[in-house]
Amino acid sequence: MEKTLTAKTSKAPATSLEQSRYPDLLAAIDMGSNSFRLEIGQIAKGRYKRVEYLKETVRLGGGLDSHGMLTEEATQRGLACLAQFAQRLKGFAPWQVRAVATQTLREARNRDAFLQRADRVLGHRIEVIAGREEARLIYLGVSRLQPSELPRLVIDIGGRSTEMILGHGRTPIRKESFGVGSVSLSMQHFPQGAYTADNFRAAQIAAGAELEEALTLFERNQWQEALGSSGTVGAVSQILAANGITDGSITPEGLRWCMERCIEAGSAELLALPGLKPERKPVLAGGLCILYTLASHFDIEALRPAKGALRQGVIFDLDERVEAARNHRLLDPRDTSVRELQQRFRVDTTQAQRVRQRALSLWQELAEPQASTDGEHARELGWASALHEIGMMVSHHDHHRHSAYLLGHVDASSFSQSQLRRLATLVLGQRGELIKLVEHLQDQALMSQVLCLRLAIILHHARVDLPPRMVSLQRGRGRIKLVINKRWADQHPRTLHLLDEEVRRWGAQGRRQLDMSLVA
């Protein structure tokens, strides 16, 4: 039965956030390798309530060819599902929706082409998240919906990756992602769904090889309970309970029973078990092998299904971002991550703050019409300013290139890979000729962010504070004017020289002209 969302107006968002028809709701889309899920939820007084849940078996992970390219057939399945989700999300503002993609799109060589099409179909930006960030969000969902003070191991077996998290309370202590999942293992070791004892043995060896490095990270003496999140664990739990093998807990004995039934059937097509859904058959064997490998290697006597999963973690994380946007005294979770990166790479935080304040001041004056209504572009500019010198730890020479590489490849909690790549582009463009940004020249918001960052760095190149009102930006028709106090400029000829060079560089790229004017 379809649910009808009722518009409410009791909790109006801050003026910086675009108005919504459903201001008290948040939505998460989990674009997994096997299934796509949409969850709409409400958080009130710290309590979570699911409003609606949709799931479609898409098998995006099964659509990666031998060259790591997502096939058009798999692409069309994904787009068709996202079109359905888009209908459900009509009336939702961008700040209420977060869509995350996992291992398949981390691997796909043509992911950018897919994401361009998918963004248009969904009507919301899709973020590709790193494996450790996926693990963090999984634990966030589990720990909020199933609180405990016991040290716990949380496992999530997806279509092409398996996440393992060691945590205590709401704090993830250690989190890792491994490149083996129910879809990939089933495709590799159970061709055409053939079930043999040799196939199961080979699949367990392959899973063990991938998971072996986790043995010391998640050894048995570090946790007291084990929980399993998401589809594979839920499916196996239902089979064991429906057949009276366990109460739904996943045990080594129960897993052996499941594998014996598979071998007896001989194939996925002929397998018929109470509790087994038809869409789970093609990937069941791979999931069983991963579970049995985990149970035997990590001495898991019973793995219980968890109440939370990635999609709820995404909603809880999104709620923290929304509250930070409404109440500027609260930190966005990504702000904490930026501070940790500054510490790790020994950033000159005083200089970073100078550049950040100047860049944001210029951005506000520029009033870029393409900027996001929720202030996300301003936050990105602030983070890029705070981290533009992290490459100094590698080398002062071409440090902007080192900074861009680090941001494009670092694990940064709460950031998606997509957003880190955008920050990498910003810091790459902080100096030098603009030709290196030729692929991004049509992105007006990004090029405006680059302009503000470059000007802020030039103005503070001497690493000293400056008078607050000695410079401003003015937008004209097709041109942007940099207005500088003449008296100050006369006293700083080297800065004026650098600004003249900057005017030349923007003139050379042709799409956006920068003028400079000195005023008394």
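Phe190, Tyr195 and Phe200 come together as one aromatic cluster. Keep in mind as you look around that this is a predicted model. In total, the structure holds 6 aromatic pairs. One of them sits within that cluster: phenylalanine 190 and phenylalanine 200 meet edge-to-face. Phenylalanine 190 is found in the loop between helix 5 (182–189) and helix 6 (197–211), while phenylalanine 200 belongs to helix 6, so that the pair links distant parts of the chain, 10 residues apart. Both of these phenylalanines, 190 and 200, are buried.

Another edge-to-face pair is made by tryptophan 383 and phenylalanine 415. Why does this pair tie together parts that are 32 residues apart in sequence? The reason is that tryptophan 383 lies in helix 13 (residues 376–387), whereas phenylalanine 415 lies in the loop between helix 14 (399–409) and helix 15 (417–428). Tryptophan 383 and phenylalanine 415 are both buried.

Here are the two pairs side by side:

| Aromatic pair | Centre to centre | Angle between the planes |
|---|---|---|
| Phenylalanine 190 and phenylalanine 200 | 4.9 Å | 65° |
| Tryptophan 383 and phenylalanine 415 | 5.0 Å | 85° |

Aromatic rings also meet charged groups in this model. Arginine 144 lies over the face of phenylalanine 316, at 4.1 Å from the ring centre. In the case of tryptophan 223, the charged end of arginine 220 sits over the ring, 3.9 Å from its centre.

Now for the sheet. It is open and built from 5 strands in the order 3-2-1-4-5, with mixed pairing. At its edges are strand 3 (47–57) and strand 5 (126–128), each of which pairs on one side only. On average, neighbouring strands of the sheet are turned by 20° against each other, direction ignored.

Which strands of the sheet pair in the parallel sense over 5 bridges? These are strand 1 (residues 26–31) and strand 4 (residues 97–101). Within strand 4, valine 97 has alanine 27 standing opposite. Helix 3 (residues 111–122) lies across strand 1, strand 4 and strand 5, and runs at about 150° to strand 5.

Elsewhere in the sheet, strand 2 (residues 35–44) pairs with strand 3 in the antiparallel sense, over 10 bridges. Arginine 37 stands opposite lysine 55, which is in strand 3. Strand 2 and strand 3 form a hairpin with 2 residues between them, and lysine 45 in the turn has a positive phi of about 55°.

Note on methods
Residues are numbered from 1 along each chain as its sequence is written. This is a predicted model: local features need pLDDT of at least 70, side-chain atom pairs count only at pLDDT 80 or more; totals for chains, interfaces and linings use all residues. Side-chain values use heavy atoms; hydrogens and water are left out. Two strands pair if DSSP finds at least two bridges between them. Helices (H or I, at least four residues) and strands (E, at least two) are DSSP runs, numbered from the N terminus. Axes are lines fitted to C-alpha atoms, for helices over the stretch in contact, and angles run from 0 to 180 degrees between N-to-C directions. Contact means heavy atoms within 4.5 Å. Rings of Phe, Tyr and Trp (its six-membered ring) pair if their centres lie within 6.5 Å; planes under 30 degrees apart count as stacked, over 60 as edge-to-face and the rest as tilted. Buried means under 20% relative accessible area, exposed over 50%, partly exposed in between (1.4 Å probe, protein chains only). A charge sits over a ring if NZ of Lys or CZ of Arg is within 6 Å of the ring centre and within 35 degrees of the ring normal.
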